[in-house]
Amino acid sequence: MNYDVIVIGGGLGGLTAGAKLAKEGCKVLLLEQHDRPGGYATTFRRGEFTLEVGLHEADGPGPKDMKTRIYKELGVFDQLEFLPLPEFYRFVNGRVEVCIPHDPAEAASRLIALFPGEEAGIRAYFDQLLLPAKSGEKDQPDRSLGDFLDSIITNPDLKLILLGNLGYFHDDPYSLSLAYYTIAQSSYYKNAASFIKGGSQQLSGHLARFIEQHGGSVLLNTRAVALLTENGRISSVGFQSTKKSNSRPEQAEAPVVVLGSPLPGLRELLPVSYRPGLDSLLNIHRPGASLLSLYLGFDCSLKALGHRHYSTFIYDESVASPKDILKNNHAGYDSRSFTFVDYGQVDAGLAPEGKSVGALCCIDYLSDWELPDRKAYLEKKKQVTAVFIDRLEKWIPGIKQHIVYSELGTPYTLKRYTSNPEGAVYGFAQLPGRQQPDLSFLPSNLYPSSAWGKTGGGFSGAILGGYLSALTVLRSRS
């Protein structure tokens, strides 16, 4: 089998790259190990509920958002509906409560009203996000987000409010690049945010169909097992069915290979001669944190219980300042800060009329789930589910009796379905002063296109990474 491009991995990065390349006339083969495309951009059905795996809110699409151009080019707007969200997020911690809007001027005004003595710091925060860097500031060394907030703001609760959605990027403000955060967080204020009606699977499925409609092939339940090289280039890709353990490997040839799967996985795919370079890369760049997600189905709309917010970040009272965040992310589940998303606040299309779904999430780590056997694993899942439901009842009284379905996904779940090491959700951790991964040792016709590449993680990072990777491939062919 011969193709122009083989894409390994059907997450948003691989799908976007494959769709763009297919549109430009390339014969594309995309290999995805799971039974559906999307990676973290997927949904699953449980009875009458559609449960969203990863999408809480995506920044944009807005007029200045590059994804808008990509979506137009790939026919996304013709098929999908993007639902604007009512607010950025609500923050509560037992001491203070505030709802942060997407409009930056309104957000600043609300915070100044709550913390009048911190007006200068609040304005400095939004200037950092929204104003182009002055010429003299462009060459300033990167620092951590935590250090930046400490330099402009005194009140610890104000800092925590601004760090409310930190879990969208990382687990510790003192090891998150301010430069990276500025780009990612500013998009929510510049472009607002949305939810894809029907869930993120709608986007992933559309991109997969787009590839096929433009002459490409998408093979699900199919895993790449080897990258064969010759003279510093990949000559062919070996792949195998994941549904049949005794299936025979097949091969396909292409002059270009796009990697939409995790970079660390190349250690098992490339010849051993590439391992020193990979080991050096992984010694410098470490995977980011994972997530724990509790998927919930309700027999009513939570609006009937008086709940009015789409996304709520609930910080435990023990988190007194930003320096406590990382410690809390490793604390017991009875005190770990968490997020609750109520998809019923918009017409999400995930539940029947009069019912709704939600998701409770917190930062988590694979090491928290290293247990002696499956029985212990399942028992812990049961216990953690009960703990979080009880904690949710505290903030939304009466919610517990309306839960008719619950299911817990752990970092092991994420690793199993996506092959991301440690169950990482955002690729490599974006540390201060971060350097782009040096991939010069890789085969010259291999193009990384995922959250593990230059643009980082999240829906936007993966989509942009995939599109830019496709542009690089097209330039190399011209």
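In what order do the three strands of the open sheet E5, E6 and E9 run? Keep that in mind while you load this predicted model, and let's walk through it.

**Stop 1: the small sheet.** Select strands E5 (58-59), E9 (193-196) and E6 (82-84). The order is E5-E9-E6, with antiparallel pairing. E5 and E6 are the edge strands, each pairing on one side only. Zoom in on E5 and E9, which are joined in the antiparallel sense by two bridges. Click Asp 59 and you'll find its bridge partner, Ala 193, in E9.

**Stop 2: the largest cavity.** Stay with Asp 59. The structure holds two cavities of 30 Å³ or more, and the largest has about 60 Å³ of space. It is lined by 13 residues, and those closest to its centre are Ala 58, Asp 59, Lys 67, Tyr 71 and Phe 82. Now show helices H2 (66-73) and H15 (458-477), which, like E5 and E9, each give two or more residues to this lining. H15 gives the most, with three residues. Colour the lining by class and you'll get eight nonpolar, three polar and two charged residues.

**Stop 3: the second largest cavity.** Here there is about 30 Å³ of space. Select Arg 90, His 307, Thr 312, Ile 314, Phe 340, Leu 392, Trp 395 and Ile 396 to see the lining. Strand E16 (311-314) and helix H13 (374-395) each give two or more of these residues. The split is five nonpolar, two polar and one charged.

**Stop 4: aromatic pairs.** There are 24 aromatic pairs in the whole structure. Try Phe 44 and Tyr 295, an edge-to-face pair at 5.2 Å centre to centre, with 85 degrees between the planes. Phe 44 is in strand E3 and Tyr 295 in strand E15, 251 residues apart. Is Tyr 295 buried or exposed? Its relative accessible area is 7%, so Tyr 295 is buried. Phe 44 counts as buried too, at 13%.

Next, go back to H13 and pick Phe 388, which pairs with Phe 338 of strand E17, 50 residues apart. Their ring centres are 5.7 Å apart and the planes sit at 75 degrees, so this pair is edge-to-face. Phe 338 is buried at 2% relative accessibility, and Phe 388 is buried at 0%.

For a bigger group, select Phe 88, Tyr 89, Tyr 125, Phe 126, Tyr 168, Phe 169, Tyr 181, Tyr 188, Tyr 189 and Phe 313: they form one aromatic cluster.

**Last stop: lysines over rings.** Lys 27 lies over the face of Tyr 3, 5.0 Å from the ring centre. Finish at Trp 369, where Lys 380 lies over the ring face at 4.7 Å from the centre.

Notes. Residues numbered from 1 in each chain as written. Predicted model: local features only at pLDDT ≥ 70, side-chain atom pairs only at ≥ 80, totals over all residues. Heavy atoms only, no water. 1 Å grid on protein atoms, 1.4 Å probe; cavity = no way out; pocket = protein on both sides within 12 Å on 5 of 7 lines; lining within 4 Å. Points joined across faces, edges and corners; volume = space filled by probe spheres on them. Helix = DSSP H or I, 4+ residues; strand = E, 2+ residues; numbered from the N terminus. Nonpolar A, V, L, I, M, F, W, Y, C, P; charged D, E, K, R; others polar. Pairing = 2+ DSSP bridges. Phe/Tyr/Trp six-rings, centres within 6.5 Å; stacked < 30°, edge-to-face > 60°. Buried < 20%, exposed > 50% of the residue type's maximum accessible area, 1.4 Å probe, protein only. Lys NZ or Arg CZ within 6 Å of the ring centre and 35° of its normal.
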